[in-house]
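Thank you all for coming. I would like to walk you through one structure, going from how helices pack inside a chain to how two chains meet.

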Amino acid sequence: MTIRLRDLAACFDGVIPSIIATAAHDGTPNISYLSHVQLVDDEHVALSNQFFSKTAANVQANPAAALLVVDARNGEQYRLDVRFERSVESGELFEEMAVQLRAASAQIGMADIMRLRGIDIYRVGAIRHVPSPKEAVDFLPAENPLLSATAEIVRRISQETEIGAIIDAALDGLRDELCHAYSMALLMDPAGERLVTIGSRGYDRTGIGSEVAIGDGLIGLAAAERRPIRVSDMSRVRRFGSAIRISAVEAAEENRTRTIQLPGLPEAMSQMALPMVAHGLLRGILFVESPKRFAFTREDQAALAIIAAQAAGAIVLAESEAVEAAAAMAIPLTSPGRQFQVIHHPYDDSVFIENEYIIKGVAGRLLVHLLRLYLREGRTEFTNREIRFAPELRLPDYKDNLETRLLLLRRRLEDKATPIQLIHVGRGRISLAVAGAPVLNNESG
Amino acid sequence: MRLDQDLASFMGSPVMIILGTSDDALQPEIGRGVGALVWPEKGQVELVISAWQWPGTLANVRANGRLSVTFARPSDYVSYQVKGRACVVPATKDHLARAAAYIDAVGAVLAELGLGRDIAAPWLVNRDPAVLSLSVESVFVQTPGAKAGQMLQGGS
């Protein structure tokens, strides 16, 4: 049976090093391990060229080479006849390999050593399965249900009109349809310096409101580069994100640092981060991880790329459509109940409710603003429009961020089960549900 | 060419052994070794290879003797390549014992790195063993980094 290059996708995950043999013009062979081989199309592979200089010299003189690639799932080996075609030092494929290499090598502390100089494109000829002591080998992937599962998730996303529901549809879909048990969605902070976690699945805490700086870790790198990143074996990998792991001391730690910790699997072996891009702008990152080695294939990456793009487009639509509805007539009832303290620290706009850290920054300012209106005028319903134009909020001049900020605030309040909750009552409208009598204090520390 | 004692010890330790040859039309071929016996004074390395799994490598060595071998430590990628002329010799009891011990030891090293014996089995085959006896003519550093490809010993 003829083996097609695409059947060998599992060999190109960078988990088990490939091998290349070349021969100089005098016939002297050279044999070397390769860090990255990438599938280009049905007839080509690309090899990263960092430093294998004898190989590079040999293929200039004699383009014939042999490649041995290994299926990471079962160790089976495939021998490829390849022929050097050309070197590439820029372009989409180069950038894609450069970022993969950077992610992999930064994690083993070899970022500078492994800088990609160029990629070499080889045409693939005959492919042979190397005899194996194992019994029958099934190199053809089983029928792939990914496409229909992806279509179902995309369908669910397309039903939603509000950002929170879009994110939920994506994360629930990843879990239910594609068995990604651990996932996060982070949206771009409109100021452009960091990402904020807006939803997650599978972790012992949601981490809503936690932040990742652009360029930091796998998630930050995928954002900085706007490219998907997939790591299949993190066994020697430095853990990304915060080194501080918190459990019982979570709330105390948050109260002290006013920083929410990113959730994460301490034992993650595979991770994948997909940029959510729409209208050419980065909107966020979709992230999945797994405790299993090489849990994610190239096909999984493609599926998530579709979902990330769909979610990004839906979010942009939701942002632009969530406008300017008139205030509703209904006035939600609020119970008088017991008093509780809300403390606002104006220097960073952090807000504590009953001594629990809730949020800071623009979202904190928003919460205090709504609470002041509630206390002063007894109002519980607000439109995005009036919030957007409230001068005391000093909202940064970004057109499309209010929905995201309100969503973050709403989810964080839910997460902390505070007596103040924000309720989405329709496009461009929110209401405040207050259980009890808040006492708002400003503190200068 | 006399081989450095440290290098000889490295080649005899549980490291991955990959073999490069080429036919007379300059088409390269890849194979794997399963154990090496090293005689540093003589500059000789004897490599056990499965004739069943790597017939092309064996045919190339028989045809022109050209052989290059890279030894790579799986835990930290430290690698050396030796090049020279080789011939095919019959496998002795010593070679077979060496191969069995090697497969066992390198299997344990890989398992420690998370690659179980079932995954590594296709790389560690000694069915139908043959031996390539290599006279080393040059030695190169192959560890990833600035020195990769640099010659350590020899001069061909």
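Let me begin with a convention, because the word will come up twice: an angle between two helix axes counts as roughly perpendicular when it falls from 65 to 115 degrees. Please also keep in mind throughout that what you see here is a predicted model.

With that in hand, look at chain A, where helix α4(A), covering residues 163–178, packs against helix α10(A), covering residues 402–415, at an angle of about 70°, and the two axes are 9 Å apart. α4(A) and α10(A) are therefore roughly perpendicular to each other. On the side of α4(A), the contact is made by I163(A), G164(A), A165(A), I167(A) and D168(A), while α10(A) contributes E403(A), T404(A), L407(A) and R411(A). Sorted by class, this contact of α4(A) with α10(A) has four nonpolar, two polar and three charged residues.

Now stay with α10(A), and bring in helix α8(A), residues 361–377, which packs with α10(A) at an angle of about 75°, again with axes 9 Å apart. That angle makes α8(A) roughly perpendicular to α10(A). Here the residues in contact are V362(A), A363(A), L366(A) and L367(A) from α8(A), together with L402(A), R405(A), L406(A), L409(A) and L413(A) from α10(A). What classes do the residues of the contact of α8(A) with α10(A) divide into? There are eight nonpolar residues, no polar ones and one charged residue.

Let us turn from the helices to the place where the two chains meet. The contact takes 42 residues from chain B and 46 residues from chain A, and between them the chains bury about 3300 Å², of which 62% is on carbon and sulfur atoms. Within chain B, the residues that lose the most area to chain A are L26(B), P28(B) and I30(B), which together account for 17% of what that side buries.

There are also charged pairs to consider. Side chains of opposite charge can pair when their charged atoms come close. Across the interface of chain B and chain A, two salt bridges are found, and the structure holds 33 over all chains. In one salt bridge, R79(A) pairs with E29(B), with the closest N and O atoms 2.6 Å apart. Since R79(A) lies in strand β6 of chain A and E29(B) in strand β2 of chain B, this pair joins two chains. E29(B) also forms a salt bridge with R128(A), where the closest N and O atoms are 3.7 Å apart.

Finally, the count of residue pairs in polar contact between chain B and chain A is 20, and the side of chain B that touches chain A divides into 23 nonpolar, 13 polar and six charged residues.

Conventions
Residues numbered from 1 in each chain as written. Chains lettered and ligands numbered in written order. Predicted model: local features only at pLDDT ≥ 70, side-chain atom pairs only at ≥ 80, totals over all residues. Heavy atoms only, no water. Axes fitted to C-alpha atoms, helices over the stretch in contact; angles between N-to-C directions. Helix = DSSP H or I, 4+ residues; strand = E, 2+ residues; numbered from the N terminus. Parallel < 35°, antiparallel > 145°, perpendicular 65-115°, else oblique. Contact = heavy atoms within 4.5 Å. Nonpolar A, V, L, I, M, F, W, Y, C, P; charged D, E, K, R; others polar. Buried area = accessible area lost by both parts, 1.4 Å probe. Salt bridge = Lys/Arg side-chain N within 4 Å of Asp/Glu carboxyl O. Polar contact = N/O pair within 3.5 Å; in protein donor to acceptor, adjacent residues only side chain to side chain.
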